[in-house]
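Have the model open in your viewer and the sequence at hand. The tour goes from one selection to the next.

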Amino acid sequence: MARNKAAFFDRDGTLNVDVHYLYKKEDFVWMAGAIQTIQYCSEHGYKVIVITNQSGVARGYYTEADIQALHAWMNEDLKKHGAHIDAFYYCPHHPKGSVAEYAKECTCRKPGTKLLDDACRDFAIDRAQSFMVGDKAIDVECAEAAGIRGIRFQGDDLFAIVQEIKQKGI
C-alpha cells in the first residue's frame, strides 16, 4: 500500500498569530508565510494536517463547535488562495479544566502522541517522510516521540522554514 507524507503544523503561534484562547474568526491573523506554506506543501504531495491543543474547551471559554467553525472558516479563507488543510486534530482536554467532561489527563494533549498517531493511521502516513512544525518545545517533543521530525518555529517566515526542509530532502 502506498504511504502518504505529511506536513503537520501546530495552529496557534505557527499558522496564526497566537491570541490566547482563539476561537473567533474576527481575532484570527495568519502568520507570515503560512498560506504560502500550506499551498506549497499540498503542491509537493504532502497532506497538510493541523495538530493543536485547545484547552479553552476544558476551561469553558469556548466549545468544540466553536473550534470546528473556526477550522472550517480557515479552510474557506485558504480556498481563496488555492490552498487547503486536509485535516484538523485537536485536544479539548486539560487536567485543570472547569468543564467536568474535559477536565482530565489524556494522551491526545501534546506532548502526547495520540493525535499524530490517529492522523498517521487515518491518512496512511509514512512518518519517515513527514515533519511537524510548532512554536513550542512540546510540539517538537510530540513529533519526535511519534517518530516524526520535529521543527521549532520561532515566529519568522514559516515559508522559509518549509523551503529549507524541502531542500534537505524531507
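Start with Thr52. This is a predicted model, and in it Thr52 is buried, with a relative accessible area of 0%. Thr52 sits in strand S2, which spans 46-53. Show side chains here. A polar contact of 2.7 Å joins those of Thr52 and Gln54. Now display what surrounds Thr52, leaving aside neighbours within four places in sequence. Asp10, Arg11, His71, Tyr89, Tyr90, Cys91, Lys110 and Leu115 are in contact with Thr52.

**The largest pocket**

Stay with S2. Along with helix H4 (137-145), S2 supplies at least two residues of the lining of the largest pocket. Which residues lie nearest the centre of this pocket? Select Asp12, Asp18, Asn53, Ser55 and Lys136. The full lining has 20 residues. Colour them by class: 9 are charged, 6 polar and 5 nonpolar. The space in this pocket is about 380 Å³.

**Asn16**

Asp12 leads to the next stop. Its side chain makes a polar contact of 3.0 Å with that of Asn16. Find Asn16 in the loop between S1 and H1. Is Asn16 buried or exposed? Asn16 counts as buried because its relative accessible area is 0%, under the 20% cut-off. Beyond four places in sequence, Asn16 touches Arg11, Leu22, Phe28, Val29, Trp30 and Met31.

**Trp30 and the nonpolar cores**

Move on to Trp30. Apart from residues within four places in sequence, its contacts are Leu15, Asn16, Val17, Ile35, Ile38, Met74, Asp77 and Leu78. Trp30 also belongs to the largest nonpolar core, which has 29 residues. Phe9, Leu15, Trp30 and Phe131 are the residues that touch the most other members. Select the contributing elements in turn: strands S1 (5-9), S2 (46-53) and S4 (131-134), then helices H1 (34-43), H2 (64-79) and H5 (158-167). Each of these supplies at least two residues of the core. A second core of 18 residues is separate from this one. To locate this second core, pick Ala87, Cys108, Cys142 and Ala146, which are among its members. In soluble globular proteins, nonpolar side chains tend to be buried together.

**Last stop: Ala160**

Finish on helix H5, where Ala160 lies. Ala160 has 41% relative accessibility, so this residue counts as partly exposed. Compare Thr52, which is buried at 0%. Finally, draw a distance from Ala160 to Phe28, one of the residues touching Asn16. Their C-alpha atoms are 22 Å apart in space. In sequence, 132 residues separate Ala160 and Phe28.

Technical notes
Residues numbered from 1 in each chain as written. Predicted model: local features only at pLDDT ≥ 70, side-chain atom pairs only at ≥ 80, totals over all residues. Heavy atoms only, no water. Core = buried A, V, L, I, M, F, W, Y, C linked by side-chain atoms within 4.5 Å. Buried < 20%, exposed > 50% of the residue type's maximum accessible area, 1.4 Å probe, protein only. Helix = DSSP H or I, 4+ residues; strand = E, 2+ residues; numbered from the N terminus. Contact = heavy atoms within 4.5 Å. Polar contact = N/O pair within 3.5 Å; in protein donor to acceptor, adjacent residues only side chain to side chain. 1 Å grid on protein atoms, 1.4 Å probe; cavity = no way out; pocket = protein on both sides within 12 Å on 5 of 7 lines; lining within 4 Å. Points joined across faces, edges and corners; volume = space filled by probe spheres on them. Nonpolar A, V, L, I, M, F, W, Y, C, P; charged D, E, K, R; others polar.
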